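Me: I've got this model open and I'd like a close look at a single part: the salt bridges. Could you walk me through them and then place them in the sheet around them?

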Amino acid sequence: MDCLFCKIIAGEIPSNKAYEDDWCYAFFDIAPQAPTHVLVVPKLHISSTDGINAENSIYVGKIFEVIPKLAAELGLGEGYRVITNCGENGCQSVKHLHFHILGGKKLSENMA
């Protein structure tokens, strides 16, 4: 499989790791859109939100258990945003499910 995030998880491509456990891997985005911008990805390759099903949804649940803990460790107590993009029109650039944690400043209310 030629997946950028699978290669990052496997250590084949370097990253600035923020967190790792048996279910997910989190790393700092190389092109941050906020002062704090971390990506959280499941260790199992799931192509997008469209690929979530009964067999793999536990990975998403585990990620959402990690996100608030990681956000607290990153100093985002004043708030943060969690985003995932799905498909071409949703601007999904890597075809591996991932969640952006954005924070460190007051974020724009404009989402479009």
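What follows goes through the charged pairs and then moves out to the strands.

Reply: Sure. Keep in mind that this is a predicted model. The count of salt bridges comes to three.

Let's take the pair of K7 and D2 to begin with. Their closest N and O atoms are 2.6 Å apart, and they form a salt bridge. D2 is exposed, with a relative accessible area of 69%, while K7 is partly exposed at 25%. The cut-offs matter here: K7 is called partly exposed because its 25% falls between the 20% limit for buried and the 50% limit for exposed.

Now for E20, which has two partners to look at. The side chain of E20 meets that of K17 in a salt bridge, at 3.0 Å from N to O. K43 also forms a salt bridge with E20, and there the closest N and O atoms are 2.8 Å apart. This second pair links distant parts of the chain: E20 belongs to strand β1 (residues 17-20), K43 sits in the loop between β3 (36-42) and α2 (57-73), and the two are 23 residues apart. Through shared partners, salt bridges join K17, E20 and K43 into one network. As for cover, K17 is partly exposed at 44% relative accessible area, E20 is partly exposed at 34%, and K43 counts as partly exposed at 28%.

So where does β1 sit in the sheet? The sheet is open and has five strands in the order β1-β2-β3-β5-β4, with antiparallel pairing. β1 and β4 are the edge strands; each has a single partner strand, so one side of each has no neighbour in the sheet. On average, neighbouring strands are turned by 20 degrees against each other, direction ignored. The partner of β1 is strand β2 (residues 24-28), paired with it in the antiparallel sense over three bridges. If you want one bridge to click on, Y19 has A26 in β2 as its bridge partner.

The helix that follows the K43 loop, α2, lies across β1, β2, β3, β4 and β5 (99-103) and runs at about 155 degrees to β3.

One last stop is the other edge strand, β4. V82 is found in this strand, which spans residues 80-83. Together with F64 and Y80, V82 makes a nonpolar surface patch of about 240 Å². V82 itself counts as partly exposed, at 32% relative accessibility, and it can join a patch because that value is over the 30% cut-off.

Key:
Residues are numbered from 1 along each chain as its sequence is written. This is a predicted model: local features need pLDDT of at least 70, side-chain atom pairs count only at pLDDT 80 or more; totals for chains, interfaces and linings use all residues. Side-chain values use heavy atoms; hydrogens and water are left out. A salt bridge is a side-chain nitrogen of Lys or Arg within 4 Å of a carboxyl oxygen of Asp or Glu. Buried means under 20% relative accessible area, exposed over 50%, partly exposed in between (1.4 Å probe, protein chains only). Helices (H or I, at least four residues) and strands (E, at least two) are DSSP runs, numbered from the N terminus. Patches are made of residues with over 30% relative accessible area and no salt bridge: like charges are joined within 9 Å, nonpolar side chains (Val, Leu, Ile, Met, Phe, Trp, Tyr) within 5 Å. Accessible areas come from the Shrake-Rupley method with a 1.4 Å probe; for residues, only the protein chains shown count as cover. Two strands pair if DSSP finds at least two bridges between them. Axes are lines fitted to C-alpha atoms, for helices over the stretch in contact, and angles run from 0 to 180 degrees between N-to-C directions. Contact means heavy atoms within 4.5 Å.
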